[in-house]
Amino acid sequence: MPRVVIIGSGLVGAATALALHRVGIESTLYDQVDPVEVVMKGEVIEFGETGGSVMIQDGGLRVSKCIANGAIVRCISWSKIDGSYPIVSDSRISAKSANDSELELHPPLQILRSTLHSILIKACHKAGIKTLIDKKLVDIKQDEMTVTASFADGSTATGDLLIGADGIHSATRRKAFGDELKAKFAGSTGHVGVTNIKEHGIVLKEAEECAFYTDRENKRTVSVFKVSQDIVAVNVSTFGDTEDYDTSAFYRPSTDLPKDASQLADLLTTWGAPQHVANMVRHSFRLSTYSVYDLPNLENYHKGRVILIGDAAHGMVPNAGIGLLTGLEDVGTLLALFKHFKQEDWNTAFRLYSKSRVARGVAASEQSRSMREKGLAVSPIFGGSLNHFIFRLVIAASNAGFFTLYQVFDCEAEVAKLIQEERE
Ligand SMILES: Cc1cc2nc3c(=O)[nH]c(=O)nc-3n(C[C@H](O)[C@H](O)[C@H](O)COP(=O)(O)OP(=O)(O)OC[C@H]3O[C@@H](n4cnc5c(N)ncnc54)[C@H](O)[C@@H]3O)c2cc1C
């Protein structure tokens with residue numbers, strides 16, 4: 001029976017353990033923090049760095065439990081910071097152009113990160129998958145057949161395979177692939193709040209349920225994501241100053257955002273944000289802070305008996321909203337490979353995993369970088385209005401079905417193609 005060590009019990013680590021369980025491979029999750037206890041007690045998980053919500057574009061985890069606990073996003077809108085000149089994208093058309101075969105699931109799913117994590121962790125618990133906590137990975141050693149993880153508490157874990165699902169600052173990546181492979185601060189920080197809109201009498205029109213309000217000139221964005229009938233996540237971010245940041249044309253320094261919800265709401269009012277958006281921030285019952293990082297493109301996601309998955313492999317700026325989706329595609333690909341390859345052929349499986357996923361991961365990172373740059377770009381003569389207008393044309397083309405930003409990734413078909421290519 002193969003032994004698999006998974007470092008990181010975040011969204012992708014937990015999904016990986018469940019996928020392996022489906023093909024009869026038992027694994028153990030190791031994490032530096034303890035999500036399990038919190039979830040089993042029925043409490044809400046606070047994700048300091050990346051709280052709030054995630055959007056799962058079609059092709060991602062569309063199981064009924066997630067759909068029942070999230071909100072389907074029929075349209076996405078982009079406006080100026082005060083809500084004027086909205087550009088509305090029809091998610092059903094863009095998903096259809098992306099080749100989604102499940103018609104009723106065309107629009108993306110928006111769900112609270114803590115809700116999704118609870119679903120996954122509970123499923124792991126039910127499947128008997130163990131999560132060991134206070135296990136901060138500090139080193140990895142491997143020989144031809146086994147790999148050993150060492151943790152800060154002095155303990156070790158040995159397996160036939162180690163999967164690094166430990167996020168954008170992955171210690172697995174640094175220890176097994178090279179210490180220089182670090183994520184860089186990408187220049188922006190923000191706060192994400194969670195608000196019960198029903199309680200505060202805030203009503204959203206359909207186009208406001210997933211909405212981005214941007215001040216291109218001052219590099220500020222407020223975004224709203226409805227995650228259930230009553231709950232929204234509201235995200236306030238600015239492009240800030242940093243020592244590490246590679247200054248480029250769209251860089252501007254800005255002041256730090258206040259952590260207090262009322263002060264932040266007052267600030268949004270001075271920015272000219274719509275009153276109902278400022279109100280959502282004012283009534284946030286949970287405000288978590290995040291910083292945005294970008295990981296340089298890697299050439300390989302496997303080294304010997306170590307595999308990288310999720311943000312550990314391709315952590316990216318969040319502007320395209322496809323970081324988690326790309327991680328879930330990794331999981332699906334690994335699952336399809338393990339269905340086909342027995343343990344004695346794992347080296348081939350790992351090679352094919354890298355071959356397939358590096359191309360997709362790099363493409364997703366590049367797309368996210370490009371959307372970030374374009375989303376904040378300002379024309380030297382006409383200001384941000386010209387860029388907003390150009391974006392309107394792009395979305396009009398997308399709504400007419402001429403254009404799509406991504407293609408659904410069929411993991412099974414991809415693996416079948418890779419195996420066929422191997423045989424030829
Ligand atoms: C503001 C923001 C908004 C986003 N919105 C979207 C969106 O709408 N749609 C989308 O698809 N993606 C989105 N993303 C990206 C998405 O959040 C990530 O791709 C996803 O969370 C990655 O999951 P992961 O499991 O790979 O890593 P993580 O969620 O970072 O989990 C890593 C786990 O590893 C553990 N760990 C770390 N280091 C160690 C160590 N040394 N030892 C042991 N354990 C360790 C951590 O405690 C954690 O539990 C967004 C990201 C940000 C920042």
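In the predicted model, a backbone N or O atom of Gly-323 lies 3.4 Å from an oxygen atom of the ligand. Leu-11 also approaches the ligand through its backbone, with a polar atom 3.4 Å from a ligand oxygen atom. In the case of Arg-113, the side chain is involved: one of its N or O atoms is 2.7 Å from an oxygen atom of the ligand. On its own the ligand has 1,000 Å² of accessible area, and the protein covers 85% of this. Two or more residues of the shell around the ligand come from each of helix 1 (11-22), strand 3 (53-56) and helix 10 (323-340). The ligand is surrounded by 29 residues in total, and the closest are Asp-31, Met-55, Arg-113, Asp-311 and Leu-324. Arg-113 thus appears both among the closest residues and in the 2.7 Å approach to a ligand oxygen atom.

The chain that holds this ligand contains 13 helices and 19 strands. Of its 424 residues, 53% are buried. The accessible surface of the chain comes to about 18,800 Å², and carbon and sulfur atoms account for 52% of that area. Among contacts in the chain with a separation of 6 or more, 72% are between residues 24 or more positions apart.

Aromatic side chains were examined next. Seven aromatic pairs were counted in the model. One of them joins Phe-185 and Tyr-293 in a tilted arrangement, with 5.7 Å from centre to centre and 55° between the planes. Phe-185 belongs to strand 13 (residues 184-196) and Tyr-293 to strand 17 (residues 286-294), so this pair ties together parts that are 108 residues apart in sequence. With a relative accessible area of 14%, Phe-185 is buried, because the limit for that class is under 20%. Tyr-293, at 22% relative accessibility, counts as partly exposed.

A further pair is formed by Phe-212 and Phe-225, whose rings are edge-to-face, 5.6 Å apart from centre to centre and with 80° between the planes. Here the residues lie in strand 14 (residues 210-215) and strand 15 (residues 220-226) respectively, so the pair ties together parts that are 13 residues apart in sequence. Phe-212 has a relative accessibility of 21% and counts as partly exposed, whereas Phe-225, at 11%, counts as buried. Both residues also belong to a cluster in which ring pairs link Trp-78, Phe-212, Phe-225 and Phe-391.

An aromatic ring also takes part in a contact with a charged group. The charged end of Arg-357 sits over the ring of Phe-409, at 4.6 Å from the ring centre.

The surroundings of His-302 were also examined. This residue is found in strand 18 (residues 302-303) and is buried, with a relative accessible area of 18%. Its side chain makes polar contacts with the side chains of two residues, Asn-300 at 3.2 Å and Ser-354 at 2.7 Å. When residues up to four places away in sequence are not counted, His-302 touches Phe-177, Ile-307, Phe-350, Arg-351 and Ser-354. Ser-354 is therefore both a residue touched by His-302 and a polar partner of its side chain, because the 2.7 Å between them falls within the 4.5 Å used for a contact.

Notes. Residues are numbered from 1 along each chain as its sequence is written. This is a predicted model: local features need pLDDT of at least 70, side-chain atom pairs count only at pLDDT 80 or more; totals for chains, interfaces and linings use all residues. Side-chain values use heavy atoms; hydrogens and water are left out. Rings of Phe, Tyr and Trp (its six-membered ring) pair if their centres lie within 6.5 Å; planes under 30 degrees apart count as stacked, over 60 as edge-to-face and the rest as tilted. Helices (H or I, at least four residues) and strands (E, at least two) are DSSP runs, numbered from the N terminus. Buried means under 20% relative accessible area, exposed over 50%, partly exposed in between (1.4 Å probe, protein chains only). A charge sits over a ring if NZ of Lys or CZ of Arg is within 6 Å of the ring centre and within 35 degrees of the ring normal. A polar contact is a pair of N or O atoms within 3.5 Å; within protein, one must be able to donate a hydrogen and the other to accept it, and residues adjacent in sequence count only if both atoms are side-chain atoms. A residue is near a molecule or strand if one of its heavy atoms lies within 4 Å of it. Accessible areas come from the Shrake-Rupley method with a 1.4 Å probe; for residues, only the protein chains shown count as cover.
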